[in-house]
Amino acid sequence: MAKVLMIDYEKCTGCRLCELVCSVKHEGVSNPTRSRIKIVKWEMEGRYVPMSCQQCESAPCMVVCPVKAISRDGGMGRVEIDYDVCIGCRMCIAICPFGAMAFDTLAKKVIKCDFCDGDPLCVKFCEAEAIQYVDASMVSAVKQVAAAEKFTGIMQKVAAAIATV
Amino acid sequence: MALDRKIAYINLTTGEIETKPIPISIRKKFLGGRGLDMYLMYNHIKPGVDPLGPDNVAFVSAGILVGTLASASARTHVAGKSPLTGFVGSTNMGGFFAPEMRWAGFDHLVIKGKAEKPVYLWIHNGEIEIRDAKNIWGKTVHETQQIIREELGDRDIKILTIGPAGEKLVRFANVMTEIKNAGGRSGMGALLGSKNLKAIAVRGTMDIKIAHPAEALDYDKKVITQVTSAKVSQTQGRIGTPFIWGATNTQGLVRVRNFQLNQLENADDVEAEAIDEYVIGMTGCFGCQVHCRAKYIIPEGPYKGVYDEGPEYTAQGAFAAEPGCRSTLTILVGNHLTNIYGMDLLETGSLIAWAMELYEKGILTDKDTDGLELRFGNDDAVIEMIHRIARREGLGDILAEGGLRAAEKIGKGSIKYLIHVKGMSNLHSDERPTPALALGIATASRGSDHLRSRPAIDLYHLPEPVLRKIYSQPVAYDGPLTSDYRDYEGKPWQVFWHETCYEAVDCLGICKYHTTFLGATLPNFEEWSKLLYYNTGLEMSPLDIWTVAERAYNMERLFNLREGLTRDQDWLVDRYFDEPTKLGIPGIQGKTINREKLKKMIDEYYEHHGWDENGVPHPETTKKLDIDKEPSHML
């Protein structure tokens with residue numbers, strides 16, 4: 001079963017360590033603009049959302065690419081770029097609904113998340129567990145449990161409130 | 001690479017801007033951040049200048065490891081001659097400003113002169129522009145950052161700014177970044193205000209090359225685990241610094257009603273758990289896995305629904321213990337107001353509590369307070385005084401001058417009740433039962449301060465072998481060490497060691513919570529040596545880093561001596577010696593600091609530094625540290 005990045009923005013503390021380790025791993029430099037993951041912040045509200053490639057099943061980047069440089073990796077299930085074929089036209093950037101395709105202006109190439117070939121560093125370093133690397137089938141299961149927990153918590157509170165009336 | 005960031009000299013009077021590389025030889029001597037700032041300060045500030053005049057110089061910098069794979073390498077340092085004390089002005093803050101400044105190409109800014117009208121700096125990928133600040137002058141810390149981002153059209157711009165307090169030259173105004181990262185103590189916000197410099201906006205997309213990327217990734221992960229596996233880090237990450245309150249207040253180690261009591265009784269609403277009721281989550285600085293900062297929303301009153309961050313342990317002291325208040329709301333609102341005004345909350349709370357004691361004793365009357373009932377426990381009066389200080393209204397205008405100047409103006413023996421060292425107010429901790437902590441605040445280079453040298457782990461009663469292990473490296477020490485925090489024995493070495501440790505980490509740009517400050521197992525010199533090598537390629541042993549820190553601390557001492565510091569200013573106010581503690585656990589009650597023993601501790605502390613009995617570095621000390629020819633004007 002292919003794995004995906006499961007992002008829980010409520011757990012993100014906004015520290016951007018993921019951006020740092022991503023750029024060091026891929027480019028050997030500290031430079032968030034060359035990271036494949038980005039924390040979008042609403043600083044004045046304390047809201048932070050990690051944004052990265054969703055490895056879409058019906059990936060618009062793959063469809064739009066005029067030279068068919070983007071394909072799905074059978075093993076990891078990731079959407080990947082063949083740099084020998086890519087012409088750097090940036091159509092994929094234009095069409096990606098998540099802004100997950102970026103253009104590295106220094107290397108002059110399109111960049112995107114490649115799961116660090118199966119051991120994503122952003123996941124490894126995020127102790128808040130805002131980003132996890134899980135089986136695609138597990139994503140909804142985890143969310144179900146979290147939602148059910150919230151729901152039963154509310155039910156218990158209501159029951160307790162009624163009991164004290 | 002991480003060592004190719006530049007220094008910029010910005011003259012606000014003439015508009016001239018010059019940039020230079022930083023030679024490796026200077027790096028090896030001072031690394032960066034606070035260390036290099038201290039070198040620059042000694043070289044660029046002429047003796048005796050008016051701290052609020054155009055001849056004072058402001059220094060803004062990033063530590064040498066900022067933005068690299070060195071756990072929590074986020075720190076910005078700001079320096080200059082202090083408008084509050086007239087001695088070393090130096091402040092260090094977290095957030096995201098310093099990494100962004102490095103990505104924009106700069107490590108150090110030297111800001112001279114005074115702009116004709118309010119301006120801000122826009123620093124972007126090696127370019128520096130001086131821009132008109134008319135749209136942001138008068139705005140709060142939070143508003144300013146939003147306006148600049150909109151004006152320049154980039155939501156990722158990071159901004160160091162002053163608030164209205166800095167513009168009004170409140171002598172303990174802060175520099176701030178984001179919601180609550182505060183460069184407090186010593187009035188660096190007033191320094192920027194005096195230059196008509198409202199803010200510095202930075203944005204960069206330049207690489208910081210990591211010398212050994214694979215090793216740096218591996219080692220950083222190890223160091224992060226070392227930090228976050230410590231219980232103290234986990235508690236910090238869950239509840240923030242307010243956790244300290246429970247232990248210190250229960251023992252009787254906090255300053256209450258200015259300095260009349262040492263425990264705040266019946267104060268459930270001041271506890272971390274009470275504050276936690278309003279916390280919606282935790283956040284952190286760049287690259288930090290501890291995330292010690294709480295996010296909260298003010299629940300009621302005129303500021304209902306407002307988002308802010310904190311409050312820290314200092315806020316519990318400033319807006320509860322010292323003024324004798326017991327309201328969670330006052331802590332939350334007081335913290336918010338000092339954040340948006342850009343004002344040191346510790347100094348603010350301490351001076352308000354002092355004024356309250358003066359009011360209680362009849363030295364200040366309703367006439368002086370314009371009818372405000374400035375009694376202990378009056379929450380509304382605390383909040384009102386914060387506004388008045390920031391806006392310099394009435395009594396607030398007097399307090400905004402700082403304790404010593406205010407005492408001179410108020411007269412009537414008011415100085416007797418002022419709790420300060422070198423003109424800077426003390427934290428709300430009561431150091432009478434803890435000689436090591438008392439020595440630390442008495443000798444700290446920027447005035448009374450808990451972040452310069454405090455051996456906080458002294459409060460843990462660690463076994464002697466553990467102390468021996470920590471304090472015998474990277475330099476050998478075989479003198480006495482004692483586990484009891486009420487002892488005087490061996491404490492001078494601990495203070496000297498922590499002073500050097502904190503100076504080192506301020507040169508590197510790493511947070512103190514990732515050092516032996518709060519946890520005995522946290523990283524120090526050994527780890528920093530490796531982090532420095534993997535990230536920058538600089539080969540420096542733990543002892544080399546220690547020497548850099550010692551050198552930098554001696555530059556601070558030389559600066560202070562040049563500004564007229566004498567041994568009698570490394571001292572505490574009389575109440576530490578003459579009024580015993582009244583409350584707390586049995587071992588804490590009835591404690592004072594013994595004058596003779598403190599004097600002996602100071603002698604010993606000077607000896608560890610290689611200073612004479614007047615606190616002046618011996619010629620062999622400055623020669624050994626290679627600073628005997630300063631100012632050398634190399635940079």
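# Close-up views of a predicted two-chain model

**Figure 1. Helices H11 and H12 of chain B cross within 9 Å of each other.** In this predicted model, the axes of helix H11 (residues 313-321) and helix H12 (residues 328-341) of chain B come within 9 Å and cross at roughly 115 degrees. That angle makes H11(B) roughly perpendicular to H12(B). The crossing is right-handed. On the H11(B) side, the residues in contact are B:Ala315, B:Gln316, B:Ala318, B:Phe319 and B:Ala320. They meet B:Thr330, B:Ile331, B:Gly334 and B:Asn335 of H12(B). By class, this contact has five nonpolar and four polar residues, and no charged ones.

**Figure 2. A cis peptide bond lies in the loop between S16 and H11 of chain B.** Most peptide bonds are trans. The bond from B:Gly310 to B:Pro311 is instead cis, with omega near -20 degrees. B:Pro311 belongs to the loop that lies between strand S16 and helix H11 of chain B.

**Figure 3. Strands S14, S15 and S16 of chain B form an open sheet.** The order of the strands is S14-S15-S16, and their pairing is antiparallel. Strand S14 (279-283) and strand S16 (307-309) stand at the edges with a single partner strand each, so one side of each has no neighbour in the sheet. From one strand to the next, the twist averages 25 degrees. Four bridges join S14(B) to strand S15 (residues 293-297) of chain B. In this pair, B:Thr283 stands opposite B:Arg293 of S15(B). Strands of a sheet pair through backbone hydrogen bonds, either parallel or antiparallel.

**Figure 4. Strands S4 and S5 of chain B form a hairpin.** Strand S4 (residues 76-81) runs antiparallel to S5(B), and six bridges join the two. One pair of bridge partners is B:Lys81 and B:Val88, the latter in S5(B). Six residues lie between the strands, and in the turn B:Gly86 has a positive phi of about 80 degrees. Is strand S5 (residues 88-93) of chain B buried or exposed? Six of its six residues are buried, so S5(B) is largely enclosed by the rest of the structure. In a regular strand the side chains alternate between the two faces of the sheet. Both faces of S5(B) are covered, with B:Val88, B:Ser90 and B:Asn92 buried on one side and B:Gly89, B:Thr91 and B:Met93 buried on the other.

**Figure 5. Helices H19 and H23 of chain B cross at roughly 45 degrees.** The axes of helix H19 (residues 491-508) and helix H23 (residues 595-609) of chain B come within 8 Å. The crossing angle makes H19(B) oblique to H23(B). H19(B) passes H23(B) in a right-handed crossing. From H19(B), the contact includes B:Lys491, B:Pro492, B:Trp493, B:Val495 and B:Phe496. These meet B:Met601, B:Glu604, B:Tyr605, B:His608 and B:His609 in H23(B). The contact has six nonpolar, two polar and two charged residues. Before H19(B), the loop that follows helix H18 (464-471) of chain B holds B:Pro474. The peptide bond from B:Gln473 to B:Pro474 is cis, with omega near 5 degrees.

**Figure 6. Chain A touches chain B.** In this contact, 23 residues of chain A meet 31 residues of chain B. Helix H1 (17-27), strand S2 (29-30) and helix H4 (121-125) of chain A each supply at least two residues of the side that touches chain B. H1(A) gives the most to that side, with five residues. By class, the side of chain A that touches chain B has 11 nonpolar, seven polar and five charged residues. Two bridges join S2(A) to strand S13 (residues 208-209) of chain B, and these strands run antiparallel. A:Ser30 stands opposite B:Ile208 in S13(B).

**Figure 7. Two loop residues of chain A have a positive phi.** Most residues other than glycine have a negative phi. A:Gln55 has a positive phi of about 50 degrees and lies in the loop between strand S4 (47-51) and helix H2 (60-64) of chain A. With 22 C-beta neighbours inside 10 Å, A:Gln55 counts as buried. A:Lys108, with phi near 55 degrees, is found in the loop between strand S7 (102-104) and strand S8 (109-111) of chain A. A:Lys108 is exposed, with 8 other C-beta atoms within 10 Å.

Definitions and conventions:
Residues are numbered from 1 along each chain as its sequence is written. Chains are lettered from A and ligands numbered from 1 in the order in which they are written. This is a predicted model: local features need pLDDT of at least 70, side-chain atom pairs count only at pLDDT 80 or more; totals for chains, interfaces and linings use all residues. A residue is buried if 20 or more other C-beta atoms lie within 10 Å of its own, exposed if 12 or fewer, and partly exposed in between; C-beta atoms are placed from the backbone. Two strands pair if DSSP finds at least two bridges between them. Axes are lines fitted to C-alpha atoms, for helices over the stretch in contact, and angles run from 0 to 180 degrees between N-to-C directions. Angles under 35 degrees count as roughly parallel, over 145 as roughly antiparallel, 65 to 115 as roughly perpendicular and the rest as oblique. A crossing is left-handed if the near helix is turned anticlockwise from the far one by less than a right angle, and right-handed if clockwise. Two residues are in contact if their C-beta atoms, placed from the backbone, lie within 7 Å. Ala, Val, Leu, Ile, Met, Phe, Trp, Tyr, Cys and Pro count as nonpolar, Asp, Glu, Lys and Arg as charged, and the others, Gly among them, as polar.
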